[in-house]
Amino acid sequence: MEEKKLVKSRTNKMICGVCGGIGEYFHIDPTVIRLIWVILTIGGFGSGLLAYIVAAVVIPEACQEF
């Protein structure tokens, strides 16, 4: 059984691949994740932007599979 890991997406990325990686991890359309992130950024006075920056730094890049 393969271990499930949260990583940035290499294929489904707009900026850093954070939303794509979260969408792949939870099997949700990344567009939904992006919309939620925008709502958090606008409604939370920029806290969503700060959370995105932290996630972009903390979440590792996906390994290249051979």
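**Exercise 1. The salt bridge**

How many salt bridges does the structure hold? Identify the partners and place them in the chain.

*Solution.*
Step 1. This is a predicted model. The structure holds one salt bridge.
Step 2. The partners are Lys8 and Glu61, whose closest N and O atoms lie 3.4 Å apart. The cut-off is 4 Å, and the pair at 3.4 Å is counted as a salt bridge.
Step 3. Now locate the ends. Lys8 sits in the segment before H1, and Glu61 in the segment after H3. They are 53 residues apart, so the pair links distant parts of the chain.
Step 4. Check the burial of each partner. Buried means under 20% relative accessible area. Lys8 has 7% relative accessibility, so Lys8 counts as buried. Glu61 has 45%, so Glu61 counts as partly exposed.

**Exercise 2. The fold in outline**

Which pattern does the chain follow when read along the sequence? Add the overall dimensions and the confidence.

*Solution.*
Step 1. Count the elements. The chain has three helices and zero strands. The pattern is α-α-α.
Step 2. Take the box along the principal axes. The C-alpha atoms fill roughly 40 × 20 × 20 Å.
Step 3. Turn to the surface. The accessible surface of the chain is about 5,200 Å², and carbon and sulfur atoms own 68% of that area. Of the 66 residues in the chain, 29% are buried.
Step 4. Look at contact range. Take contacts between residues at least 6 apart in sequence: 36% of them join residues at least 24 apart.
Step 5. Read the confidence. The chain's average pLDDT is 88, and 95% of the residues reach at least 70. Confidence is lowest in H2, with a mean of 90, and highest in H1, at 92.

**Exercise 3. The geometry and faces of H3**

Test the length of helix H3, residues 47–58, against its expected span. Then sort its faces.

*Solution.*
Step 1. H3 has twelve residues; at 1.5 Å a residue, the helix should span 16 Å.
Step 2. The end C-alpha atoms of H3 are 16 Å apart, which agrees with the expected span.
Step 3. List the buried set. In H3, Gly48, Tyr52, Ala55 and Ala56 are buried. Seen down the helix axis, these buried residues fall within an arc of 100°, so they line one face of H3.
Step 4. Find what covers that face. The buried residues of H3 pack against helix H1 (18–26) and helix H2 (30–43).
Step 5. Turn to the other face. Leu50, Val57 and Val58 are exposed, on the face of H3 turned away from its buried side.

**Exercise 4. Positive phi in the loops**

Where is His27, and is this residue buried or exposed? Repeat the analysis for Phe45.

*Solution.*
Step 1. Start from the background. Most residues other than glycine have a negative phi.
Step 2. Take His27. Its phi is positive, about 55°, although His27 is not a glycine. His27 lies in the loop between H1 and H2.
Step 3. Classify His27. Exposed means over 50% relative accessible area. The relative accessibility of His27 is 70%, so His27 counts as exposed.
Step 4. Take Phe45. Its phi is also positive, near 55°, in a residue other than glycine. Phe45 belongs to the loop between H2 and H3.
Step 5. Classify Phe45. Its relative accessible area is 81%, so Phe45 is exposed.

How values were computed
Residues are numbered from 1 along each chain as its sequence is written. This is a predicted model: local features need pLDDT of at least 70, side-chain atom pairs count only at pLDDT 80 or more; totals for chains, interfaces and linings use all residues. Side-chain values use heavy atoms; hydrogens and water are left out. Helices (H or I, at least four residues) and strands (E, at least two) are DSSP runs, numbered from the N terminus. The expected span of a helix is 1.5 Å times one less than its number of residues. Buried means under 20% relative accessible area, exposed over 50%, partly exposed in between (1.4 Å probe, protein chains only). The arc is that of the directions from the helix axis to the C-beta atoms. Contact means heavy atoms within 4.5 Å. pLDDT is the predictor's confidence in each residue, from 0 to 100. A salt bridge is a side-chain nitrogen of Lys or Arg within 4 Å of a carboxyl oxygen of Asp or Glu. Accessible areas come from the Shrake-Rupley method with a 1.4 Å probe; for residues, only the protein chains shown count as cover.
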